[in-house]
Amino acid sequence: MGQYEEYCYKTVRSGKYTEMYIYYDKIFKRKTKRNDDLIKEINSWDITTFEKELAESDKEKMEQEVIEEFVQVDKEDVNIRRSQKRLRRLINSNLNQYEELDKFLTLTYPGLKSREKACRSFKTFAQNLRRHYGSKIQYIAVMEIQDGSRLEDPTKATKDIHFHVLLFDCPYIPQEIMQNKLWKHGIVDIRKIEHFGDIAGYLVNYLSKDQTLAVKGKRSYFPSRGLIKPTEKISMEPDLLFEVLGNQNNKIQFKTDFLIERIGRIGYIKVEHIEDEEKTMTLVN
């Protein structure tokens, strides 16, 4: 039957973000003593001064995303939500982790309507990139259809497929080389990410329910194999959480508490490790 480890506390570390889950009424088992006083401990701390101010709409959205991990909602919607969560964690795990500055690309391809052709084109691009500039280069790519939602006149939508790509540990490559020798299909817009805002949130919004892209059993985004993965820890002891909450550089970004019928009460806390100044995306000249 194999070995199983029980837990009622879980943390997921993705770069500078750590998410904490507290299961008050259910003990989970995973292949490989519950402390009922934890909520009293947390409520006794004066954590309000560390909380990041969020708009009410943002708080509601984050709370809904957490709840949807556990409730049964529309299957198509929950699959998108789960893909967004996985993608967000993967991006955050890799931002600012490499010797070279991270870069953001948009690869256009006029007239491209076929998902299969788009996938082949990106695969060739990635192979060309690594062949000429090093196999250490890592990437995360998301497909998007130009559906007019970002145009002043939506009727001018082309329905063309294009790619948004994060490149990690990639050296400087002139735009004309990237466009004319590596991609070869259309305009390439290159941006370096010197400073980070919510670039993960920016990219996950491109994940689509469009039937052309959201094909059952196939990825809606394309990560390279050598990326840094989020790390998950589980425990039956609250020390797992105290280790995170006790770090003075960890600031609480969001917290919520809710009840799921088949699981019981669940607590969720997301913290951000603050070291550098807020960063933004700048255009490469």
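This is a short walk through one predicted model, from its cores to its sheet and loops.

Let's start inside. The largest nonpolar core has 26 residues. Which members touch the most others? Phe-163 and Met-178 do. Six elements each supply at least two residues of this core. They are β5 (102-107), α4 (115-133), β6 (138-145), β7 (161-168), α5 (175-183) and β8 (188-193). Helix α4 gives the most, with 5 residues. There is also a second, separate core of 25 residues. Cys-8, Tyr-9, Tyr-24 and Ile-252 are among its members. Keep Tyr-9 in mind for the sheet.

Back to Phe-163. Set aside its neighbours within four places in sequence. Phe-163 then contacts Leu-105, Thr-106 and Leu-107. It also contacts Ala-118, Cys-119 and Phe-122. Then come Ala-141, Val-142 and Met-143. Trp-183 and Phe-222 complete the list.

Take Ala-141 from that list. Ala-141 sits in strand β6. Buried or exposed? Ala-141 counts as buried, because its relative accessibility is 0%. Leaving out residues up to four places away in sequence, Ala-141 touches Phe-122, Phe-163, His-164, Val-165, Tyr-221 and Phe-222. Look at Tyr-221. Ala-141 and Tyr-221 are 80 residues apart in sequence. Their C-alpha atoms are 5.6 Å apart in space.

Now the other hub, Met-178. Find Ile-190, which lies in strand β8. Ile-190 is 12 residues from Met-178 along the chain. Their C-alpha atoms are separated by 8.7 Å. Ile-190 has 8% relative accessibility, so it counts as buried.

Next, the helix pair. The axes of α4 and α5 come within 9 Å. They cross at roughly 115 degrees. The crossing is right-handed. Who makes the contact? From α4, the residues are Ser-121, Phe-122, Phe-125, Asn-128, Leu-129, His-132 and Tyr-133. From α5, they are Ile-177, Met-178, Lys-181, Leu-182 and Trp-183. By class, that is 8 nonpolar, 3 polar and 1 charged residues. Note that Phe-122 and Trp-183 also appear on the contact list of Phe-163.

One residue in that contact deserves a closer look: Ser-121, in helix α4. Ser-121 counts as buried, because its relative accessibility is 9%. What does it touch, not counting residues up to four places away in sequence? Ser-121 touches Tyr-109, Trp-183 and His-185.

On to the sheet. Strands of a sheet pair through backbone hydrogen bonds, either parallel or antiparallel. Here, 5 strands form an open sheet. The order is β10-β2-β3-β12-β11, and the pairing is antiparallel. Which strands are at the edges? They are β10 (231-235) and β11 (250-260), and each pairs on one side only. Neighbouring strands are turned by 15 degrees against each other on average, direction ignored.

Look at both ends of that order. At one end, β2, residues 9-14, pairs with β10 over 5 bridges. Here is Tyr-9 again: it stands opposite Ser-235 in β10. At the other end, β11 pairs with β12, residues 264-273, over 10 bridges. Leu-259 has Arg-265 in β12 as its bridge partner. A hairpin joins β11 to β12 through 3 residues.

Last stop, two lysines with unusual backbones. Most residues other than glycine have a negative phi. Lys-159 has a positive phi of about 65 degrees. Lys-184 has a positive phi too, of about 75 degrees. Where are they? Lys-159 is in the loop between β6 and β7. Lys-184 is in the loop between α5 and β8. Lys-159 has 44% relative accessibility, so it counts as partly exposed. Lys-184 is exposed, because its relative accessible area is 57% and the cut-off is over 50%.

To recap. Phe-163 and Met-178 touch the most other members of the largest core. Helix α4 gives the most residues to that core, and α4 crosses α5 in the right-handed sense. The open sheet runs from β10 to β11. That's the tour.

Terms used. Residues numbered from 1 in each chain as written. Predicted model: local features only at pLDDT ≥ 70, side-chain atom pairs only at ≥ 80, totals over all residues. Heavy atoms only, no water. Core = buried A, V, L, I, M, F, W, Y, C linked by side-chain atoms within 4.5 Å. Buried < 20%, exposed > 50% of the residue type's maximum accessible area, 1.4 Å probe, protein only. Helix = DSSP H or I, 4+ residues; strand = E, 2+ residues; numbered from the N terminus. Contact = heavy atoms within 4.5 Å. Pairing = 2+ DSSP bridges. Axes fitted to C-alpha atoms, helices over the stretch in contact; angles between N-to-C directions. Left-handed = near helix turned anticlockwise from the far one by under 90°. Nonpolar A, V, L, I, M, F, W, Y, C, P; charged D, E, K, R; others polar.
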